[in-house]
Amino acid sequence: MTIVLMKPAIHFYVDQFQDTSITNQILFGIEEEGIPVQITDMDVENVIHAAYTAATISPLLVGVALKDNQFVIHYRNLQPEQPLFYEQMLQNKCAYQVRDFGANAARLVKGIPFK
């Protein structure tokens, strides 16, 4: 029997066609809070389902997903169809606002108030 230990990290599923500048801002927000993140580039069909799947895999119970400028933060203990945060139209947000979404995912792990 082989035991596989996963590094504690937020799991982040990013659609392979997503604009990297938005992805980077979200990652900067998570990084600023000091929480590790594991990124997976994939073909995301449903951003809410992808975030929930990421949360179920994450040892930290938090998953995020990004597709077509839609960003979702999900927590494993929530219902699959009811994410904690769902944000659309990220391309219309300032960089610091997008960064705050990433920071909020990390703050969920830390158990501190959101930005």
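**View 1. Helix H3 and the residue that follows it.** Just after H3, Gly 111 adopts a positive phi of about 75°, as seen in this predicted model. The helix itself, residues 95-110, comprises 16 residues and reaches 23 Å from its first C-alpha to its last, close to the 22 Å expected at 1.5 Å a residue. Its buried residues include Val 98, Phe 101, Ala 105 and Leu 108, and the elements that cover the buried residues of H3 include strand S1 (10-15), helix H1 (20-32), S3, S4 and S5.

**View 2. The S3–S4 hairpin and its neighbour S5.** Strands S3 (residues 62-67) and S4 (residues 70-75) run antiparallel and are joined by six bridges, with Gly 63 having His 74 in S4 as its bridge partner. Two residues lie between the strands of this hairpin, and in the turn Asp 68 has a positive phi of about 50°. S4 also pairs in the antiparallel sense with strand S5 (residues 85-87), over three bridges, and here Ile 73 stands opposite Phe 85 in S5.

**View 3. Aromatic pairs.** The count of aromatic pairs comes to three. In one of them, Phe 12 and Phe 71 meet edge-to-face, at 6.4 Å centre to centre and with 80° between the planes; this pair links distant parts of the chain, Phe 12 in strand S1 and Phe 71 in strand S4 being 59 residues apart. Phe 12 is buried, with a relative accessible area of 0%, and Phe 71 is likewise buried, at 1%. The rings of Phe 85 and Phe 114 have centres 5.0 Å apart and planes at 85°, so this pair is edge-to-face. Ring pairs also link Phe 12, Phe 71 and Phe 101 into a cluster.

Conventions:
Residues are numbered from 1 along each chain as its sequence is written. This is a predicted model: local features need pLDDT of at least 70, side-chain atom pairs count only at pLDDT 80 or more; totals for chains, interfaces and linings use all residues. Side-chain values use heavy atoms; hydrogens and water are left out. Two strands pair if DSSP finds at least two bridges between them. Helices (H or I, at least four residues) and strands (E, at least two) are DSSP runs, numbered from the N terminus. The expected span of a helix is 1.5 Å times one less than its number of residues. Buried means under 20% relative accessible area, exposed over 50%, partly exposed in between (1.4 Å probe, protein chains only). Contact means heavy atoms within 4.5 Å. Rings of Phe, Tyr and Trp (its six-membered ring) pair if their centres lie within 6.5 Å; planes under 30 degrees apart count as stacked, over 60 as edge-to-face and the rest as tilted.
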